[in-house]
Number of protein chains: 2
Amino acid sequence: MMASDVWKEYESNEISHSVAHHLTAIHELMDDLGYARVSDVARALEITRGSASLTLKALKARGLVVEDHNKFLKLSEDGRRIVDSILAKRAVVRKFLNEVLKLDEHQAEVDACKVEHLLSAQTGGQLLHFVHFLLSDDPTARQFLAEFWSKLDQNEEWQWPVQDVDQLFNLESR
Amino acid sequence: MMASDVWKEYESNEISHSVAHHLTAIHELMDDLGYARVSDVARALEITRGSASLTLKALKARGLVVEDHNKFLKLSEDGRRIVDSILAKRAVVRKFLNEVLKLDEHQAEVDACKVEHLLSAQTGGQLLHFVHFLLSDDPTARQFLAEFWSKLDQNEEWQWPVQDVDQLFNLESR
DNA sequence: ATCAGTTGTTTTATTAGCAAAACATCGGTT
DNA sequence: AACCGATGTTTTGCTAATAAAACAACTGAT
């Protein structure tokens, strides 16, 4: 069975990686500086002003960014909601990778950044439930994590990529 | 603190989504048909032969795909290793989303497909450890999952995106 | 008032990834 | 031999996202 019908949904993502970071840059600049202009976004993303100008023009046209009477940028209601969902997913994924899977902070940050805009709202929500419970005070969760981490220390023998994950899981097919 | 230094690593990914699926298509075609030509890849991915031809030419140049004396394609040793790591990550993510987070199979498939080529080997490995233990016979894992799922049923009240994930987790900063 | 620096935009070019169309080749039928 | 269908490649064009460079406009200092 070919995954032909699935793999193209990647591009159909309305929020690209680039757009996600233009929007979150505006959000963070508003927090840090109190304002966000084209140049500030360009500096934050380390791209040229010209590139930022073009992308932000498109975002204004899409109604995700609004422009002040004096060229000051702001997120629209829609833009704000998108940024919220992206930052929420990023935070959850980062926390899971770093605090549960014990990946170093940089790795967690990088992988969370790559993935944040791709996860569906459902996936983000379920992952939030999961991580929240997993890191809660619940004794079962505590015990589970403790056991997992102790196993992690012993399990340095696995190599990656594993030759046959399906067999490891007793998966029936792919 | 801007994530300026991190977000650009996205493009620096040596394996793009498109390349990942060209390679895995060859792998699956070899399994299913016993061979893989340009047209077969194009059909599997539902793109034109011309597009597949160009992409595969680049992959031959990169040494990930080799061509038979009669235009039959095969994965090189490098290509094979890349496909293995991608399929392993896809399988683990899909299993986690579907069997742990209880997302429906289609959603799990789509999200796994979007993410598979972006996860680092470290992340993939740790996630494999985690899911393997989580779905094992270990009584602590069993009990943890049972409790999580029972909470899931009660917890239909959460809305997504959550307004303030950081507060939910008592995160200190971002 | 001029000059320098910052800002925003536009134009030109590049790359990845696709489609569409033209073209060439090969294999089997008739 | 002529034709047809499948195959592979190339060319042209498109979109998104970038850089680079030219340009215009505003700001502040002298």
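The largest share of the surface near DNA strand C, five residues, is contributed by H4(A). Here a residue is near a strand if one of its heavy atoms lies within 4 Å of it, and helices (H or I, at least four residues) and strands (E, at least two) are DSSP runs numbered from the N terminus. The model is predicted: local features need pLDDT of at least 70, side-chain atom pairs count only at pLDDT 80 or more, and totals for chains, interfaces and linings use all residues. Residues are numbered from 1 along each chain as its sequence is written, chains are lettered from A and ligands numbered from 1 in the order in which they are written, and side-chain values use heavy atoms, with hydrogens and water left out.

**DNA strand C**

In total, 19 residues surround DNA strand C, and the closest are Ser39(A), Ser53(A), Ser16(B), Ser18(B) and Thr48(B). By class, this surface divides into three nonpolar, eight polar and eight charged residues; Ala, Val, Leu, Ile, Met, Phe, Trp, Tyr, Cys and Pro count as nonpolar, Asp, Glu, Lys and Arg as charged, and the others, Gly among them, as polar. On the DNA side, sugar or phosphate supplies 65% of the strand C atoms within 4 Å of the protein, and bases supply the rest.

Polar contacts to both DNA strands are tabulated below; a polar contact is a pair of N or O atoms within 3.5 Å, and within protein one must be able to donate a hydrogen and the other to accept it, with residues adjacent in sequence counting only if both atoms are side-chain atoms.

| Side chain | DNA atom | Distance |
|---|---|---|
| Arg37(A) | phosphate oxygen, strand C | 3.1 Å |
| Arg49(A) | base nitrogen, strand C | 2.9 Å |
| Lys57(A) | phosphate oxygen, strand C | 3.2 Å |
| Ser18(A) | phosphate oxygen, strand D | 2.5 Å |
| Arg37(B) | phosphate oxygen, strand D | 3.0 Å |
| Arg49(B) | base nitrogen, strand D | 3.0 Å |

**DNA strand D**

The elements that give two or more residues to the surface near DNA strand D are helix H2 (17-32) of chain A together with helix H3 (38-45) and helix H4 (49-61) of chain B. Of these elements, H4(B) gives the most, with five residues. There are 20 residues around strand D, of which Ser16(A), Ser18(A), Thr48(A), Ser39(B) and Ser53(B) come nearest. Three of the residues on this surface are nonpolar, eight are polar and nine are charged. Sugar or phosphate accounts for 65% of the strand D atoms within 4 Å of the protein, the rest belonging to bases.

**Helix packing in chain B**

The axes of H2(B) and H3(B) come within 9 Å and cross at roughly 110°. Axes are lines fitted to C-alpha atoms, for helices over the stretch in contact, and angles run from 0 to 180 degrees between N-to-C directions. The two helices, H2(B) and H3(B), are therefore roughly perpendicular to each other, a term that covers 65 to 115 degrees. In this contact (heavy atoms within 4.5 Å), His21(B), His22(B), Ala25(B), Ile26(B) and Leu29(B) of H2(B) meet Asp40(B), Val41(B), Ala44(B) and Leu45(B) of H3(B). The contact of H2(B) with H3(B) has six nonpolar, two polar and one charged residues.

**Chain A as a whole**

Chain A contains nine helices and two strands, which run α-α-α-α-β-β-α-α-α-α-α from the N terminus on. Of its 174 residues, 51% count as buried, meaning under 20% relative accessible area (1.4 Å probe, protein chains only).

Methods:
Angles under 35 degrees count as roughly parallel, over 145 as roughly antiparallel, 65 to 115 as roughly perpendicular and the rest as oblique. Buried means under 20% relative accessible area, exposed over 50%, partly exposed in between (1.4 Å probe, protein chains only).
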